[in-house]
Amino acid sequence: MHDLLIKNAVIVDGLGGEPYRGELAVAGGCIAAIGDDLGAARETVDAAGMMLAPGIIDGHTHYDAQITWDPTADPTLTLGVTTVVIGNCGFTIAPCRERDRDLTMRNLTHVEGMSLDALRAGIRWDFESFAEYLAMIERSGVGPNVAAFVGHSSLRTYVLGEDASRRAATAEEIAAMQGLVREAMDAGAVGFATSTNEPHNGENGVPMPSRLADDAELRGLVNAMGESGRGIFMLTRGTMTSIPYLETIAAESGRPVLIAALQHNPMNPEGVFDRVREIKAARARDRKLIAQVSCTPLTMDFTLASPYCFESLAAWKPAMEAQGEALKRLYADPAFRAAVKEDLVKYRGMRIFNSEWDKLKIVEVADAANGALEGRSIAELAAAAGAEPLDWFLDFGLKEDLRTLFTAELLNSDEAAVGRLIGDPDSHVALSDAGAHLTFLCDAGFGLHLIGHWARDRGIITIAEAVRKLTSQPAALFGMRGRGRLAPGYAADLMLFDPATIGRGEKRRVHDLPAGAARLTASARGLHGVWVNGVRVADATGALWARRPPGTVLRDFAG
Ligand SMILES: [Zn+2]
């Protein structure tokens, strides 16, 4: 007898094939059969004509810290995701010596969008090596299946300590990091991840350690990964890291290079397509370069106490080093303002915020007397006041004691352009950044948005193709065996959804992080069931959480 039978379903196989009516049986955590009249089961679910698909594989998350205190990696399971890849951009917490724990958390606080207090109260540090980290999360259990990158910034901190964010590594230090990469690959890392991206800074604007690496280091570490005959090199690139340069790394190491974050910038509208063309040209030469794109607009909620979207401007650095009254004095300082205005011109089209003051709006005022300004843009408010937008923005923030909540639509909001990026059959749709930027955004439901918005509503791709891009395509990309398809013998990672209503709900703010810190979260629409390795973890009402988390720490990847 089967453990579970899902009948009256429309089967979406994950390979992009035409959906068909059928039933699916599960036994021992795997798909036992797909067909008609599969016999009896201990539990039967009537799908009532809804679509049954493989669970989503989220290729770009940052649950490394959160999963040590929250094995469910909330809200991922309730958004149809059954497998997460952690350690993206190289922002990991392993390996880590005891002496470097606080340094690691101070590096993560900005990019994760979590307060230092939350990280200090939350992270469990029962490990030092990468292998011990994987063993620890495996022991406490994981909700989704987890594949982990070994992260460059952690390797640098492990070998260089405080110097990791200050200088290039010596030949001996590179050799030590190479040894750690080899160890991590032996322990089951899915690959090696790094970032050269300018907005990636730690506390006080200190660059993330990986940004200090030179060519010899980067090449040496990717080659060390390549010695294992497997592994993917993941990188979030800054403006100085060219695609032709990455092609030389792919050629030398023989390994695929997954390139983030290819997002459309309206101030440089052809830039992203130029990069995609370079990636395609490299593929034609048989180098495995893959463009990681996003199907959601990059929108961030923030206050002037921690305005992430401005922090990649060089002139903003003093503001990252200041707090409280000192920060307010700086915001009022004409010299600071003049330098920021100059940077905004200099970097237009090259940074997260590109002077689109019409897309920067007030969400929530601190002083009720200003209530009428909610929902209005800085562009219109500054124009009405006859002020320069940056001046108006900082003056208003100061008047409200830096407590105004703003929102900025930053990248990827031009639907025609985004449609071209995700309609490309070779592009990898990911970039949820789930587990990071927690106070700024929540795109953990990106997969439901791809199916509901882009496939059903916009018709850019079929639902079957959207599901393929979320399941079998990333499974093949990361070398995940036996996942990402509905086929006998494959893991029973499943999601059941109503194609008429599937989508992601509105984001909302909750205060449930360690130390009571806030984060943004979102619920699904039209999602009726999620199973990980045959265990149901969500229904139409959200998370079901009773037993041991059913996920697996994945270690056995195809080459
Ligand atoms: Zn990332």
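User: Happy to be looking at this one! What spacing do the donors of the zinc ion follow along the chain?

Analyst: Welcome! This is a predicted model. In it, the protein donors of the zinc ion are His-60 (NE2), His-62 (NE2), Cys-89 (SG) and Asp-433 (OD), which lie 2.1 to 2.6 Å from the ion. Along the chain, the spacing of these donors is H-x1-H-x26-C-x343-D.

User: How many residues apart in sequence are the parts that Cys-89 and Asp-433 tie together?

Analyst: Cys-89 sits in the loop between β7 (81-86) and α2 (101-112). Asp-433 belongs to the loop between β16 (428-429) and α16 (446-457), so the pair ties together parts whose separation in sequence is 344 residues.

User: Is Cys-89 buried or exposed? And Asp-433, buried or exposed?

Analyst: A residue is called buried when its relative accessible area is under 20%. Cys-89 has 2% relative accessibility, so Cys-89 is buried. Asp-433 has 16%, so Asp-433 also counts as buried.

User: What is the geometry of the site of the zinc ion?

Analyst: Four donors count as tetrahedral if all angles lie between 85 and 135 degrees. Here the angles among the four donor atoms run from 78 to 170°. The site of the zinc ion is therefore classed as irregular.

User: Let's move to the sheet. Which strands are at the edges of the open sheet?

Analyst: Eight strands make up this open sheet, with parallel pairing, in the order β6-β7-β8-β9-β10-β11-β12-β16. Within the sheet, β10 (residues 232-236) pairs with β11 (residues 257-262) over four bridges, and Met-234 stands opposite Leu-258 in β11. The strands that pair on one side only are the edges: β6 (56-58) and β16.

User: Which residue in β17 is the bridge partner of Leu-52?

Analyst: Strand β5 (residues 51-54) pairs with β1 (residues 2-11) in the parallel sense over two bridges, and Val-10 stands opposite Met-51 in β5. β5 also pairs with β17 (residues 494-497), in the antiparallel sense over four bridges. In β17, the partner of Leu-52 is Leu-496.

User: Which helix gives the most residues to the largest nonpolar core?

Analyst: Nonpolar side chains tend to be buried together in soluble globular proteins. The largest nonpolar core here has 170 residues, and those with the most contacts inside it include Phe-192, Phe-233 and Trp-316. Phe-192, for its part, touches residues including Val-181, Phe-233 and Met-234. The helix that gives the most to this core, with seven residues, is α6 (residues 171-187).

User: How many residues are in the second, separate core?

Analyst: Among the members of this separate core are Ala-9, Val-45, Leu-486 and Tyr-490. Its size in residues is 18.

User: Within what arc do the buried residues of α11 fall?

Analyst: Helix α11 (residues 324-332) has Leu-327, Lys-328, Leu-330 and Tyr-331 buried, while Glu-325 and Arg-329 are exposed on the other side. The cover over the buried residues includes α10 (317-321), α12 (334-346) and α14 (389-399). Seen down the helix axis, the buried residues line one face, because they fall within an arc of 160°.

User: What distance separates the C-alpha atoms of Leu-411 and Pro-266?

Analyst: Leu-411 is in strand β15 (residues 405-411), and with a relative accessible area of 9% it is buried. Its contacts include Gln-263, His-264, Asn-265 and Arg-351. Leu-411 and Pro-266 are 145 residues apart along the chain, and their C-alpha atoms are separated by 7.2 Å.

Methods:
Residues are numbered from 1 along each chain as its sequence is written. This is a predicted model: local features need pLDDT of at least 70, side-chain atom pairs count only at pLDDT 80 or more; totals for chains, interfaces and linings use all residues. Side-chain values use heavy atoms; hydrogens and water are left out. Donors are N, O and S atoms within 2.8 Å of the metal (3.2 Å for Na, K and Ca); water is not among the atoms, so sites may look incomplete. Four donors count as tetrahedral if all angles lie between 85 and 135 degrees; four count as square planar and six as octahedral if opposite donors are over 155 degrees apart and all others between 65 and 115; anything else is irregular. Buried means under 20% relative accessible area, exposed over 50%, partly exposed in between (1.4 Å probe, protein chains only). A nonpolar core is a set of buried Ala, Val, Leu, Ile, Met, Phe, Trp, Tyr and Cys residues joined through side-chain atoms within 4.5 Å. Contact means heavy atoms within 4.5 Å. Two strands pair if DSSP finds at least two bridges between them. The arc is that of the directions from the helix axis to the C-beta atoms. Lists of a residue's contacts leave out its neighbours within four places in sequence.
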